[in-house]
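Please show me the model, and let us then talk through how its ring contacts and its symmetry can be read.

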There are 2 protein chains.
Amino acid sequence: MNMRILAALAALTLPFPLIAQQSPAHDPAALQQKALGDNTAYGIVEDLTTEIGPRLAGTEREAAARAWAVTRLKAMGFANVRIEPFDMKTWVRGIETAEVTGPYSGKMHISALGNSASTGEKGLEAEVVYFRTLADLGAAPAGSLKGKIAFVSHKMTKTQNGASYGQFGGVRRIGPSLASEKGAAAIIIRSVGTDYHRNPHTGGTSFGEKGVPIPAAALSIPDAENLERMIARASKKGEAVRMKLVLTPRQIGTTQSGNVIAEVPGSDPAAGMILIGGHLDSWDLGTGAIDDGAGVAISAAAAKMIMDAGTPKRTIRVVWWGAEEVGIFGGRAYAEKHGAAGHALAMESDFGADRIWQVDFRLPEGTDDLQTRIANALAPLGVGRGRDVAGGGPDHGPIVALGVNAIDLQQDGTDYFDLHHTPDDTLDKIDPKAMQQNVAAWVTVLGIVANDPADLLPKAKVAE
Amino acid sequence: MNMRILAALAALTLPFPLIAQQSPAHDPAALQQKALGDNTAYGIVEDLTTEIGPRLAGTEREAAARAWAVTRLKAMGFANVRIEPFDMKTWVRGIETAEVTGPYSGKMHISALGNSASTGEKGLEAEVVYFRTLADLGAAPAGSLKGKIAFVSHKMTKTQNGASYGQFGGVRRIGPSLASEKGAAAIIIRSVGTDYHRNPHTGGTSFGEKGVPIPAAALSIPDAENLERMIARASKKGEAVRMKLVLTPRQIGTTQSGNVIAEVPGSDPAAGMILIGGHLDSWDLGTGAIDDGAGVAISAAAAKMIMDAGTPKRTIRVVWWGAEEVGIFGGRAYAEKHGAAGHALAMESDFGADRIWQVDFRLPEGTDDLQTRIANALAPLGVGRGRDVAGGGPDHGPIVALGVNAIDLQQDGTDYFDLHHTPDDTLDKIDPKAMQQNVAAWVTVLGIVANDPADLLPKAKVAE
Ligand SMILES: [Zn+2]
Ligand SMILES: [Zn+2]
Ligand SMILES: [Zn+2]
Ligand SMILES: [Zn+2]
């Protein structure tokens, strides 16, 4: 074996890239050290949750959050701070109570799902029909639920990467429209969550363009399990459990939402910008700390740290997205307005505030060296390299679909669905040390990609 | 040193009693083995929380629980099952909402304390005055709170033996009457608890005979901490936080409660009975699983196991107490009616459903051997011998004060105040294995004491 072959083989497996192209101003080790002692991100989410609190998409509270965000981002020193408004159809919560009326009794903790219809103030009392899974509901004969309340249960498991949300989230996303099709008067589901607190998990559902919205709500998990026990006991006696539901949410028509944009101008605009952020709107039950105060905080704190260290080659555009929870309206409006052109990379933080454990890529061919450099620079933070294709985060889905590159810094989601969309999504759930580790990982990736010479501009996509 | 002295010294420290007086039917090791594989206790608390649910003292739900209890205790085979009724003054919960109205905003999770006055349906909006501790509230000048809402915070710690409830529970027990004396329009407290969920901890308070009840309620701990942050920020700007409270509880006058009694008749009534139990009433927010469904279940399951093994020498009287939460009305009524005479021992289970870790005694002189035998028999269950004087449990306080002996099987209270008096006190919080360990400890003590020849009858007390 001659030396050239040996060298080529070594290069194939060598974890150390041969050429380091790092800007000294954005040295990963130095940035990480700074980030691990910096509380900027925690300060942002503390301010947002204390001074603004819940900020449901399309409401006055989301508008208040945007005004707060503009002030805050300007004070941090970002350039070109502005709001890009868009219109949306807005749903708001009303009264919500649930009570078993026979043969047992008891008030249950319940919350309407986004787009739920109203029962009217007098409510609705009906027999509860139990389905062990979404598939069981799907198998119910047409018309068999007429005048009844469908109750769909399931048993969501904890997963580090959040994959179980795909499977079990279906109960919330399509269960209501299925129940409506089969004539149900209303549907209640076991919360899509993994905790055991009396806190229902809300979240959006959809009845489609032609579907008929029905009252749809989530029971807390202890309540769902108690209802299952009641149904099992009643059915042994040949009886049905009856429940009274009062849910008075309503659609309030078209209102305004918007994306808040801020920038760290780069020295080479032609190299394309890096789009980062999180969503500013939140569900209305908690104060939106982990979903997604943490994400707006982490992304902006990381961008500020890059800016303070020196001008990067690529522009970093921070977007605090509007109306993510109710249909990714902000991400869609942005993609429609801006298209993919000029975007080198998209990265979002929207999976809580726990430690980052894995990095995944969606980068063009020929960037193996760049990917290896990033993975190696993240390793001291306990971040491994994953095998998934990065998605870029929910708000970046529309622009990534147009051909923009993405990197995902995956947060540990093991406990995320204990809190997700519940009243318990509050500041105290954030570990400041874990948040610092997030920012350290973000500055690492930004510091490398923002200065990398690779051509990352999106190529014109062939229409499919 | 001669042999007699040596033997005497050895006896002083010997952990093995020289004479074993155990009835073969109630052999501790055999009873423990049976208890560790038995689900009777879990079945009782499952039935009670599913079929009855919350059972606030003096209400129809507590009456339903008594009727259920009579049926259940008869079905278990106990003798002399009956209700001893008593009258009480009853308080019931109404609407309860809290909202910050300036300079920030947000709905907070709140629950009225027992005996709270009403704000009226229109509610009360006022400035919030912050006190870091109960002592700070106590130091406020008379009249300084006129027209304001007092907010008392504190930082309760977790303790295995529950001792912190003594210190921090004072905020709930006497904070409201203190605030009333100082002219406050209402009082809100940080929940007396150790969790971080949006679940307020209710519980009784008292304004005394001459005090003027004011609206009094507990904020969930995340809400209390957010309110503290809001107050700190507002005060930097020279502003006060304002809050709107709507609390509509009411006193509904005199209603009936009662104690449910069941017995395992002993072969020697003159030896005095062993009084055991837990309280059947619960707060209304949860389903009363750990407080105190667990206690009624553990005590009754243990008594049944003794009964099934053979007739004990002493009668075991199981009492499922009424109206403990609101002032130990059941325990007081019983002591008044029955006095101490004929009671050899009192034991209650009312501190959750976690494992028993310690045994404490209040037994007459000359029972060292009995105490050592009990402690040794409990050791295989991981139970150590404590240095406290047993209290006998809240419902037995009145009769223990009259001279009745007591043994406390101390449950681990480390996590008890995460759940205590919250909506989260539900069946899922009970570990069936821990509950079996409780029953195993109870049958051990009952099996020994119920057959012991010691004179345990209360001595006539000299009036003090
Ligand atoms: Zn989110
Ligand atoms: Zn979300
Ligand atoms: Zn209790
Ligand atoms: Zn209690």
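**Rings, charges and symmetry**

A: Arg173(B) lies over the face of Tyr165(B), at 5.5 Å from the ring centre, where a charge sits over a ring if NZ of Lys or CZ of Arg is within 6 Å of the ring centre and within 35 degrees of the ring normal. In chain A, Arg173(A) lies over the face of Tyr165(A), at 5.5 Å from the ring centre. This is a predicted model, in which local features need pLDDT of at least 70 and side-chain atom pairs count only at pLDDT 80 or more, while totals for chains, interfaces and linings use all residues. Residues are numbered from 1 along each chain as its sequence is written, chains are lettered from A in the order in which they are written, and side-chain values use heavy atoms, with hydrogens and water left out.

Q: How many aromatic pairs does the structure hold over all chains?

A: A pair of aromatic rings is described by the distance of the centres and the angle of the planes. The structure holds 16 such pairs over all chains, counting rings of Phe, Tyr and Trp (its six-membered ring) whose centres lie within 6.5 Å, with planes under 30 degrees apart called stacked, over 60 edge-to-face and the rest tilted. One of them joins Trp321(A) and Tyr334(A) edge-to-face, at 5.2 Å centre to centre and 85 degrees between the planes.

Q: Which residues do ring pairs link into a cluster?

A: The cluster consists of Tyr165(A), Phe351(A), Tyr416(A) and Phe417(A).

Q: By what turn can chain A be laid on chain B?

A: A turn of 180 degrees with a shift of 0.0 Å along the axis lays chain A on chain B with an RMSD of 0.0 Å, the superposition being by least squares on the C-alpha atoms of residues with pLDDT of at least 70 in both. The two copies are thus related as by a two-fold rotation axis, and in chain A the C-alpha nearest the axis is that of His197(A), 3.9 Å from it.
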